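Student: Can we go through the aromatic rings and the cysteines? Let's start with the cysteines.

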Amino acid sequence: MIKNGHHATDDEKTGDAGCIKTGGAACSPDKRKRPLRLWCDGCYDMVHYGHSNQLRQAKGMGDYLIVGVHTDAEISKHKGPPVFTQAERYKMVRAIKWVDEIVEGAPYVTTLETLDKYNCDYCVHGDDITLTVDGKDTYEEVKREGRYKECKRTQGVSTTDLVGRMLLMTKAHHSNMSNPDYQTHTDNFGKGPKGHSPWTGVSQFLQTSQKIIQFASGKEPQPGDSIIYVAGAFDLFHIGHVDFLEMVYKQAEKPYVIVGLHFDQEVNRYKGKNYPIMNIHERTLSVLACRYVSEVVIGAPYAVGKDLLDHFRVDLVCHGKTEVFPDKDGSDPYAEPKRRGIFKTIDSQNNLTTDDIVQRIIENRLQYEARNEKKEAKEMAVIEAMKRRETQEQKTATTQAAQ
């Protein structure tokens, strides 16, 4: 049972402009000259909990977070075809609870002009590298001027990895990463011909209680709140889920939305194939990052029964227009809320499903593989250049010491 919100860790706490503390408390509010404004930008294609975690960390460095999202044309030019349209990506980023504002069609290369235009003090990016089509660091200018801050990349998840899981079409992609099929994927999809990039490579996500706490707030329902319960897989958390949860959120004046997530084995029982693409731990963080969600039940029972409804004092149970699969005994999992008259079918006007996303990937498989090979090659070239520069600096230092 996880509650939604944000706790900044000590190393993320922030004070006034130029007063970011490390390993200590933030500057007191009365000392702040004005709110500290941060800028993040990116493609945010196939938005996952890694993107959300980056934005969580960025928000923890200041007071107001603006996120620039690139157009389809810009992404195609520099990286290759995006999985989602720009309209879908704009809406997905808006739904992440740490985001205060988004800028549509943000330039691919981040400049001081952009930061100044939106009155931002710093640009924040992960500790991977982002390159233009000609191999240049897109953050070179803001780094040079001291207006760049770095946050840690989330290990174990990347768009590359998720695409690979879909292409595998096996049931064990997230529970048995030593299987031969997955090793073939990591060799072919996350590794270039001249080496392995630490940014594009595939690694396993390891859930910790600290990570869940960082995504959760511990807020209890308040008097007058309407407790709304929804349940499902919420796999590859996408715009279809966001539109549904937004509609659920609008069902009450003071909504407290609880999402029940089914265990992986349960999802596989009713979905089949290689579903879920994301395991229960990954799906938990993805849902917790959504601004319309108050709480998550990890491993919720498939049947929404009396015990669950009474325990959470549920006022309303919602389900989308997608098919409701029967329980193991063939019964309707929503029989009890229907009997109580608290069940409602929600039409989000969005028919996108996880199946549709997988189909988009499979149809464009060769393009996505080529995109990742190209990305890997650019990253390896940067790594080699960094190594050469480091070697040269060491030689220079040795020569100077000898003199």
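Tutor: A disulfide is a pair of cysteine sulfur atoms within 2.5 Å. This is a predicted model, where local features need pLDDT of at least 70, side-chain atom pairs count only at pLDDT 80 or more, and totals for chains, interfaces and linings use all residues. Residues are numbered from 1 along each chain as its sequence is written, and side-chain values use heavy atoms, with hydrogens and water left out.

Student: How many disulfides does a search of the whole structure find?

Tutor: The search gives 0 disulfides.

Student: Why is there no bond from cysteine 151 to the closest cysteine sulfur?

Tutor: The closest cysteine sulfur belongs to cysteine 40 and is 6.4 Å away, so it is too far for a bond.

Student: And cysteine 151, buried or exposed?

Tutor: Cysteine 151 is buried, at 4% relative accessible area. Buried means under 20%, exposed over 50%, partly exposed in between (1.4 Å probe, protein chains only).

Student: On to rings. How many aromatic pairs are there?

Tutor: There are 7. Rings of Phe, Tyr and Trp (its six-membered ring) pair if their centres lie within 6.5 Å; planes under 30 degrees apart count as stacked, over 60 as edge-to-face and the rest as tilted.

Student: What about tyrosine 139 and tyrosine 148?

Tutor: They make a tilted pair, 5.7 Å centre to centre with 45 degrees between the planes. Tyrosine 139 and tyrosine 148 are both buried.

Student: Which residues do ring pairs link into a cluster?

Tutor: Tyr270, Tyr302 and Phe325. Tyrosine 270 and tyrosine 302 are both buried.
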